[in-house]
Amino acid sequence: MSLVIGSGVLQSYSTTALSTACVDGSTTFTTKEPFAVYLICLLSFVGWWVFLLFLGVGLSAVPIDLINEFRGRPKKISKDEFSRRRTKLLQHVQALRKTHKQLEAVKETVEKDTGFKGWKNRRTFNRDLNKFEIQCMIAEKEFLALERVTKMSKLEPCLYWLKLLFGLIFIILSVVWIIHTFLWVLMVPGKDPIYPFLNNMLEGIREGHVDFLSTSVFALIAAYLLWAAIKGNIKFGFRFF
């Protein structure tokens with residue numbers, strides 16, 4: 001084999017000689033990375049831990065919330081019970097109106113503060129505002145529950161049974177994800193997993209000449225993982241930030 005440039009032969013060698021001349025070995029070299037690379041790595045590291053936190057909360061919150069919606073489905077109550085709950089809700093709303101006026105007065109003062117004291121006061125104000133918003137959501141939820149009681153004949157009872165069914169299914173799916181995580185990552189860190197679990201299941205479906213079903217199952221369990229992370233973000237964020 002020859003390398004030709006123009007009309008002259010630059011070098012001639014055989015393929016066999018080239019293959020036998022190769023030598024196995026390792027080389028270490030040092031390179032300087034820009035600051036942006038370190039920043040990306042740091043954000044990725046922190047993001048993974050936050051993701052694990054949100055995901056852990058969401059894997060339990062998704063099925064439990066669905067089951068609680070079934071448990072809190074509208075039921076027939078007596079007129080006395082309805083009046084008691086309505087009066088309690090009215091008192092709660094009146095207390096929220098007073099709290100809102102107090103927060104409005106505090107907001108005008110906090111916006112004028114400067115320095116570290118101003119930052120601390122604004123942080124306290126934001127925390128109180130979040131608590132107020134949560135209480136408003138609770139009041140709205142109770143109002144909607146009472147409204148559904150007054151419209152019992154127009155409600156679809158099958159909807160709440162479906163929520164119970166999906167809640168039970170999602171409990172199983174959450175347990176499967178937790179088992180897969182332990183077997184694949186946590187039991188033997190840095191080494192081969194003890195058992196592939198979900199990987200084997202998807203491979204088995206694919207080898208059964210139903211590739212589309214394997215892809216669909218993978219998409220569904222991945223979407224559930226994303227849903228759980230978002231749910232955990234909402235649950236954790238409203239309570240602590």
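Phe 197 sits in the loop that links H5 and H6. In this predicted model, Phe 197 has a positive phi of about 60 degrees, although it is not a glycine. Is Phe 197 buried, partly exposed or exposed? Its relative accessibility is 25%, so it counts as partly exposed, given that buried means under 20% and exposed over 50%.

Let us step back to the whole chain. The protein has 7 helices and 2 strands, and from the N terminus on the order of elements is β-β-α-α-α-α-α-α-α. Of its 241 residues, 18% are buried. Among contacts with a separation of 6 or more, 64% join residues 24 or more positions apart.

Now to the interior. The largest nonpolar core holds 14 residues, and those with the most contacts inside it are Leu 55, Phe 170, Leu 173, Trp 177, Ile 221 and Tyr 224. Four helices each supply at least two residues of this core:

| Helix | Residues |
|---|---|
| H2 | 35-71 |
| H5 | 157-186 |
| H6 | 198-207 |
| H7 | 211-240 |

Which helix gives the largest share of this core? That is H7, with 5 residues. Leu 55 is a good place to look in the structure: leaving aside residues up to four places away in sequence, Leu 55 touches Leu 225, Ala 228 and Ala 229. Apart from this core lies another one of 8 residues, including Leu 96, Leu 103, Phe 132 and Ala 139.

Two of those names, Leu 96 and Leu 103, bring us to H3, where they are buried along with Leu 89 and Val 110. What covers the buried residues of H3 includes helix H4 (115-150). H3 itself runs over residues 79-110, and its 32 residues, at 1.5 Å a residue, should span 46 Å; the end C-alpha atoms are 46 Å apart, which agrees.

How do H3 and H4 lie against each other? Two packed helices are described by the angle between their axes and the distance between the axes. The axes of H3 and H4 come within 10 Å and cross at roughly 155 degrees. Angles over 145 degrees count as roughly antiparallel, and H3 and H4 are therefore roughly antiparallel to each other. The handedness of their crossing is left-handed.

Notes: Residues numbered from 1 in each chain as written. Predicted model: local features only at pLDDT ≥ 70, side-chain atom pairs only at ≥ 80, totals over all residues. Heavy atoms only, no water. Core = buried A, V, L, I, M, F, W, Y, C linked by side-chain atoms within 4.5 Å. Buried < 20%, exposed > 50% of the residue type's maximum accessible area, 1.4 Å probe, protein only. Contact = heavy atoms within 4.5 Å. Expected span 1.5 Å × (residues − 1). Axes fitted to C-alpha atoms, helices over the stretch in contact; angles between N-to-C directions. Parallel < 35°, antiparallel > 145°, perpendicular 65-115°, else oblique. Left-handed = near helix turned anticlockwise from the far one by under 90°.
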